[in-house]
Amino acid sequence: MGLMNFAQGEFIMVPAYVLYLLAGVPFGLAAAAALAVGIGLALGAERIAFRPVRDADLSAQLVTSLALATILQSVVMAAIDTRSQSVATPSGLSESSTILGLAVPNLELVSLALGAATLGALSWILFRSRVGLEMRAAAENFEMARLLGVRANRVLSVAFAISGALAALAGILLVTQTGQVSPTMGLTPVVIGFVAVTIGGFGRIGGAVLGGVLLGALSSLLGAYLPDGLQPFRDAIVFSLPVLILIFRPEGLLVRPGGAARI
Amino acid sequence: MHGGLHSPGTVAVSAAAPLALVGLTVAIGASGSPSLQGTVAIALCNLIIVLGLQVFIGNSGVYSFGQLGFAMAGGYLAALLTVPASFSAFQTPGLPALLSEAQLDPLAATLIAVAGSVLLALLVGLPLMRTSTLAIPISTFAFLIVAYNVLANWDAVTGGSGGLVAIPTSTSVTSAGLWAGMAVLAALAFKWSASGYRLQATREDEAAARSLGVRLMGERMVGFVLSAALCGLGGALAAQQSGVLTPNAFYFAATVTTLTMLVVGGVRSVLGATVGALAITVVVETLRGFEEGHRVFGLPSLGETPGLAAIGLGVILLAVMIGRPSGLTGGREAGELLRRRRESCSSSARGHGVRLTSIPREGAHLDRGTKRQELVADGVSLAFGGLQVLRDVSLVLRPGERLGLIGPNGAGKTTLVNVISGFQRADAGSVYLGGGNVSGHSPARLARAGLVRSFQAALPFEQLSCLESVAVGAMGTGAGRRRAVGEARAVLTRLGLLELSAERAGSLPAGSQRLLGIARALATRPRYLLLDEPAAGLNDQEGAELVEALRDVVADFDCGLLLIEHDINLVTELCTRVQVLDQGRTVALGSPEAVQRDPAVIESYLGSGYPAVAGA
């Protein structure tokens, strides 16, 4: 949609806090509630904050999302606490299953299955469904798509609902992995996402996946091979190296051929 | 300031207003309690940082989320240079002796801190300013995270996340006020310098600015480095005010706060940065009083609510972005705000379109002393995906000649101009200018070599005045401010636009905007001028007047003209030779009369009737 959203991190954080607040409720139910809150939050943000600045430039939208992120983060700090809180996760997830003689933690299995299912569902929506086609058309040329009868508000709402659902899923997974929630927990994932999209190339799902895989691999490799004394600087290196890619490919790794704008 | 881009009164008022605000703040602070003095001194340090943000963000139109990284650098450098050796020994044991034993005079430490920030900005900016307009917000944000990560973890040298203590406190309300006053003047001086105008032109329209010779990365770099100097200064003074410094002082929250100050006041103006910084300080201090559970202004206490100030900031920022994105000042300086009344009468300007007077051009220096050589495109081919847009097209434009390039929609005319002017690379073929091969040169470099093009759309620098817009043309190819203003006045006079000088380019009617685009290009003193459908979107009368203007002007300015048009009548009237493109091939070349009789042309183009409407 040509929009980058700082508040995406808070769309991760708020559903995670729903899990924290619903401690004692069966986990499946709590997760469903978190998902619903995530979708509702994204829809509300689109209606209140993003729709009014839809025609502004990218920078203005970024600043708007920054404001939204600050509000959500501070509200959680004011209402709950600035420090992180621990969350009990279902015991089944911390056990392991034996597959082909290998002990695999259940959590990893669930994460993997959810990741694959999400990518599949996202691809289906974007490339097979009517609203997906409308969404891709709107991303290419918003005004033209409107002229051709694409209902802009509906398309944007669906796009935000999807991003809210994805963020909520990420939040639920993060909580089950770390057992903790904190008001700033969304910052790192969203920055990684930004950098991944930027080095991969804007407007391409493949670019985002490629960028994400590159960053993840880089971080893991550094974790394994960087000398102990330099380990604290891992994030610094992870965020420096990709920028070097942009020097040689200012538009990102994957850009459409002949994509020069018509002047 | 005779011959300036603004009247002396406007300049004086614009500088005096923010300086008066700073003076008022100092007066309030200096007479207050010690805690008020501290608050005011920090507010002035923040103001310097916000002015630093304004210099880059306001003039380039590109948001950087990393400028606070330079405040970190300035703060830490100043701190390390002034902390007594006895403290350095335990809080920063890994520091080189040169730094740990140094206990410099505060002024010297501040100046070195600024120099260090500038060096860091050069190092960081060289790669970052190369990234695309979309990527700069992200890559600068990545820089902020890297800077924080290093400072928070390099315990032996920076004191780690605990930070530094025992920094001698030398910043007073008065000294912070003096520095802030100088920062105001520096930001204004940059905004109104040739370099500042070139950067603002890239903000208004990247392609148009580059076509006039403006080097995008270079100009952004200048703004980025000056911005870093001010941010470093603000950081150094703040560290020497509070006496302690942690990496968090200039991280995410501070970035949000300073950006809010800038956006609330109005990104494009120095007055906006000043108003925003001071107004938001008052709001934040008030909210902080509530946050700590105090009674403020007699209102009941809410008890301790951490995060209240941040919520308030976020709501204000959101409200301004939605309700008044150009900020309280609308992005104007004080002098410009005073002139608003005149601007609101600009409806009178809407009335008159293209109008020409035959005032002879002043200061003409026709003999450029350069070898008069041809512009040649040789065997240019280009395909977009499977679509072959240009097939082995050649073109020769002689000095002072007027060549028309016509052809139906999709013939490849604009693409050919894009290739010649450096906006697109050809798959095969070369472009020669003055005998040298210039294939693949950037648009800015070609403009500086005397090859300038206009666009099908007018692409006005909307927020700049007409005089400023045309002056950018001269500045883009290297003229200083004074000469550029003279040049701009001469060109505007010649095209009958002089009385619109003070109008915002964005407020003009389409015909005048089109003419302004040509004026901008002429101010570069081109040897070759490529006009892409200058009459598109104009009515018949405006078009006819434009032809008259072009005929005279091109003769006067002694440049070769390549005129792309749909309208064959226009070309016939104006050009001595005509080249016809169809489906990416040259199908005819000769005098207008000969071309009109050419059977190939009649079949491919004229036979289908003259296209009535020029496409965009």
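Which domains does the domain assignment of chain A give? I began there and found domain 1 (8–185) and domain 2 (186–255), the bounds coming from an automatic or database domain assignment.

**Basis of the entries.** I worked from a predicted model, in which local features need pLDDT of at least 70 and side-chain atom pairs count only at pLDDT 80 or more, while totals for chains, interfaces and linings use all residues. Residues are numbered from 1 along each chain as its sequence is written, chains are lettered from A and ligands numbered from 1 in the order in which they are written, and side-chain values use heavy atoms, with hydrogens and water left out.

**Entry 1: the domains of chain A.** I looked up the spacing and found 21 Å between the C-alpha centres of domain 1 and domain 2 of chain A. Eleven residues of domain 1 of chain A are in contact with seven residues of domain 2 of chain A, contact meaning heavy atoms within 4.5 Å. I then noted a buried area of about 590 Å² between these two domains, 75% of it from carbon and sulfur atoms. Buried area is the accessible area (1.4 Å probe) that two parts lose on being put together, summed over both. On the side of domain 1 of chain A, Gly9(A), Thr184(A) and Met185(A) lose the most area to domain 2 of chain A, together 37% of what that side buries.

I found zero salt bridges across this interface of chain A, a salt bridge being a side-chain nitrogen of Lys or Arg within 4 Å of a carboxyl oxygen of Asp or Glu. Three residue pairs, both residues at pLDDT 80 or more, are in polar contact between domain 1 and domain 2 of chain A. A polar contact is a pair of N or O atoms within 3.5 Å; within protein, one must be able to donate a hydrogen and the other to accept it, and residues adjacent in sequence count only if both atoms are side-chain atoms.

**Entry 2: chain A against chain B.** I recorded 41 residues from chain A and 44 residues from chain B in the contact. The area buried between the chains is about 3,800 Å², of which carbon and sulfur atoms give 80%. I found zero salt bridges across the interface of chain A and chain B, and one residue pair in polar contact, both at pLDDT 80 or more. On the side of chain A that touches chain B, the elements giving two or more residues are α2 (27–50), α3 (58–79), α9 (187–200) and α11 (234–248) of chain A. Helices (H or I, at least four residues) and strands (E, at least two) are DSSP runs, numbered from the N terminus. The largest share of that side, 14 residues, comes from α3(A).

**Entry 3: the domains of chain B.** I noted domain 1 (8–246) and domain 2 (370–614) in chain B, with C-alpha centres 44 Å apart. Domain 1 of chain B brings 19 residues to the contact and domain 2 of chain B brings 24 residues. About 1,800 Å² is buried between these domains of chain B, 66% of it from carbon and sulfur atoms. I found zero salt bridges across this interface of chain B, but seven residue pairs in polar contact, both at pLDDT 80 or more. α10(B) gives the most to the side of domain 1 of chain B that touches domain 2 of chain B, with seven residues.
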